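Work through the exercises below with the sequence and the model open side by side. Each task is followed by a solution that goes step by step.

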Amino acid sequence: MKVGKFIYILLISYLLGGNCMAQISPGELSSVHSHLEGISNCTKCHVVGEKLSNSKCLDCHKELKVRIFQNKGYHSSVEVKGKECASCHSDHHGKNFKIIKFDEKTFNHNLTGFNLTGAHSKKACKDCHNFKHIKIQSIKNKKFTFLGLTTDCKNCHEDYHQKTLSENCSNCHDANAFKPATKFNHTRSSYQLTGKHKTVECIKCHKIETRNGLKFQIFKGLQYSKCTNCHVDVHKDKFGQNCTQCHTNESFTVNKQLNNFDHSKTKYILEDKHLTVNCKLCHKQKYTTPLKHDKCTDCHKDYHLGQFAKNGISPDCSACHNHKGFVNSLYTIEQHNKSVFALQGAHNAVPCFDCHKKTEKWQFREIGKKCVDCHKNIHADFISKKYYPENDCQICHSNNSWNEIKFEHSKTNFELKGVHKLQTCSSCHFKINSDGLKVQKFANLSVNCSNCHIDKHYKQFEKEGVTDCNRCHEFDNWKAVKFNHNNTAFKLDGKHEKVECKKCHKPTEINKINYILYKISVKCESCHS
């Protein structure tokens, strides 16, 4: 039927007082919509000429409209969102027709945004969806609804803790049961359970009482600053209220600390580290049983396993240690210098463990006396053994520093003269190779000048593959103080004696290398035109 014709029929029906309604309406409305019967009410649900309007449905069902707007609940799920209302809730099927119908047993409650887990999964719908749990007054006026519930635990359950704890029940409880509170962790509370407290039943500390006419268990506000808040002081305040001076959380009778006991009244005064030792470590039986205490080894094992023993008897630990701890030694440098290895120079600053604890255990005997016993000989295969027999590093180096060298270079075939005396050993004997690594050269180091210095004359004075700079230069500077032009192939005389060198010896370039040309023709026409 076209839109115009439909409007025309509606108009005729209206003029006739509604007598034609039975012929136009698809059928009688259900009881919940019966108040909308009559042709004058059609447009409250229908748009003229169009199908049923979702927006008009939601204008009446305001609570559901709010839920959809907030993207909450079953009608915002992927299964329902975007559908027409009439596709699930059609009408005009008679007064007794049920608009809302679904199988409660197969309904997927996860689509509502509240997953049924644990004990919730065993509940019938009516256990939760009843007016007892609905807090919104406008919904309470309905005969029945699935709306009006929140996901808060307190929506259905009473607050057993009467607002003394967090309203988020899931901090301690899960959906299986309220007892036990499986998610509660006492370490998150202000009182940590240690020792025997870990095995104490909760009810021993958290008593049950009646509050506001209801059973109430006290979890917050308990006093625990003193042991006597829970425990009876059997000493009747004779030793004060600080029980931990003598007792621990492990037991009242085992592992006593007895920190308040004045040990100075005995024949052994406790000092330093001994003050913090658990009494039971020494007093393994009764406290009144006498203990040997004349020597450290009466309680302590000889950690050094007899390394300092003489005639089979080890000295007492107190010869090197005191009560402040075994780490700090009383053994002095003066005492060390009386041993087979006197500490000199930089050795005075070396910590004991560098030499005496190279493995897991301390070693004081047979650890070496020569340099190479501790230090790697980096010059092996580079310097002839004749310069340091028996690998004795001290022939060249001192104990003060490796950089302090006292080697007599005149013993080699290259005596240091002039500015060579001012150079460090590494400037000549340590070079960076093509791989970027530092390499050393001693026995294989050439004495030719060009081995260290650049030949600025570009091999003009080379003879048999060697340029001897010493023919013209000395070791103090690069000035050619030994050069004599009269010893060359061209003797200077007459006017030539006053000619500047650069007039004849001019700069030149070969292979992008600039240098002064000294090897020139001695013919007159080479300079004079």
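In what follows, a nonpolar patch is made of Val, Leu, Ile, Met, Phe, Trp or Tyr residues that have over 30% relative accessible area and no salt bridge, and whose side chains are joined within 5 Å. The model is a predicted one, and its local features need a pLDDT of at least 70.

**Exercise 1. A nonpolar surface patch**

Task: State which residues make the nonpolar surface patch of about 380 Å², and place Leu165 with respect to the helices α6 and α7.

Solution. Begin with the members of the patch, which are Tyr160, Leu165, Ile203, Ile208 and Phe219. Next, locate Leu165, which is found in the loop between α6 and α7. Finally, consider the accessibility of Leu165: its value is 31%, so the residue counts as partly exposed, and the patch criterion asks for over 30%.

**Exercise 2. Aromatic pairs**

Task: Classify the ring pair of Trp362 and Phe364 from its geometry, and then do likewise for Tyr458 and Tyr515.

Solution. The structure contains 10 aromatic pairs in total. In the pair of Trp362 and Phe364 the ring centres are 5.9 Å apart and the planes stand at 5°, and the pair is therefore stacked, given that planes under 30 degrees apart fall into that class. Both partners are partly exposed, as Trp362 has a relative accessibility of 23% and Phe364 has a relative accessible area of 22%.

For Tyr458 and Tyr515, the centre-to-centre distance is 5.2 Å and the angle between the planes is 35°, which makes this pair tilted. Tyr458 sits in the loop between β4 (438–440) and α13 (501–504), whereas Tyr515 belongs to strand β6 (residues 513–516), so the pair ties together parts that are 57 residues apart in sequence. Tyr458 is partly exposed at 31% relative accessible area, while Tyr515, at 9%, counts as buried.

As a last step, look for an aromatic cluster, and note that Tyr74, Phe102, Phe107 and Phe146 form one.

**Exercise 3. The surroundings of Phe364 and His379**

Task: Describe where Phe364 lies and what it touches, and then examine His379 in a similar way.

Solution. Phe364 is part of the loop between α10 (352–356) and α11 (371–374). Leaving aside residues up to four places away in sequence, Phe364 touches His304, Gln307, Phe308 and His356. For a distance along the chain and in space, take Gln335: this residue and Phe364 are 29 residues apart along the chain, and their C-alpha atoms are separated by 14 Å.

His379 lies in the loop between α11 and α12 (425–429), and with a relative accessible area of 14% it is buried. With residues up to four places away in sequence again not counted, the contacts of His379 are Tyr388, His397, Phe430, Gln440 and Phe442. Of these, Gln440 is 61 residues from His379 in sequence, yet the C-alpha to C-alpha distance between them is 8.1 Å.

**Exercise 4. Backbone details**

Task: Which two residues does a cis peptide bond join, and what is the sign of phi in His92 and in Lys459?

Solution. The cis peptide bond joins Lys179 and Pro180, with omega at about -5°, and Pro180 is in the loop between α6 (137–140) and α7 (202–205). His92, a residue other than glycine, has a positive phi near 70°; it lies in the loop between α4 (62–69) and α5 (125–128) and is partly exposed at 23% relative accessibility. The phi of Lys459 is likewise positive, near 65°. Lys459 lies in the loop between β4 and α13, and its relative accessible area of 56% makes it exposed.

**Exercise 5. Cysteines and disulfides**

Task: How many disulfides does a search of the whole structure find, and why is Cys452 not bonded to Cys428?

Solution. The search finds zero disulfides. The sulfur of Cys452 has its closest cysteine sulfur in Cys428, at 4.6 Å, which is too far for a bond, because the sulfur atoms of a disulfide must be within 2.5 Å. Cys452 itself is partly exposed, at 38% relative accessibility. Cys527 is also in no disulfide, the nearest cysteine sulfur being that of Cys504 at 4.5 Å, and Cys527 is partly exposed with a relative accessible area of 48%.

Notes. Residues are numbered from 1 along each chain as its sequence is written. This is a predicted model: local features need pLDDT of at least 70, side-chain atom pairs count only at pLDDT 80 or more; totals for chains, interfaces and linings use all residues. Side-chain values use heavy atoms; hydrogens and water are left out. Rings of Phe, Tyr and Trp (its six-membered ring) pair if their centres lie within 6.5 Å; planes under 30 degrees apart count as stacked, over 60 as edge-to-face and the rest as tilted. Buried means under 20% relative accessible area, exposed over 50%, partly exposed in between (1.4 Å probe, protein chains only). Helices (H or I, at least four residues) and strands (E, at least two) are DSSP runs, numbered from the N terminus. Contact means heavy atoms within 4.5 Å. Patches are made of residues with over 30% relative accessible area and no salt bridge: like charges are joined within 9 Å, nonpolar side chains (Val, Leu, Ile, Met, Phe, Trp, Tyr) within 5 Å. Accessible areas come from the Shrake-Rupley method with a 1.4 Å probe; for residues, only the protein chains shown count as cover. A salt bridge is a side-chain nitrogen of Lys or Arg within 4 Å of a carboxyl oxygen of Asp or Glu.
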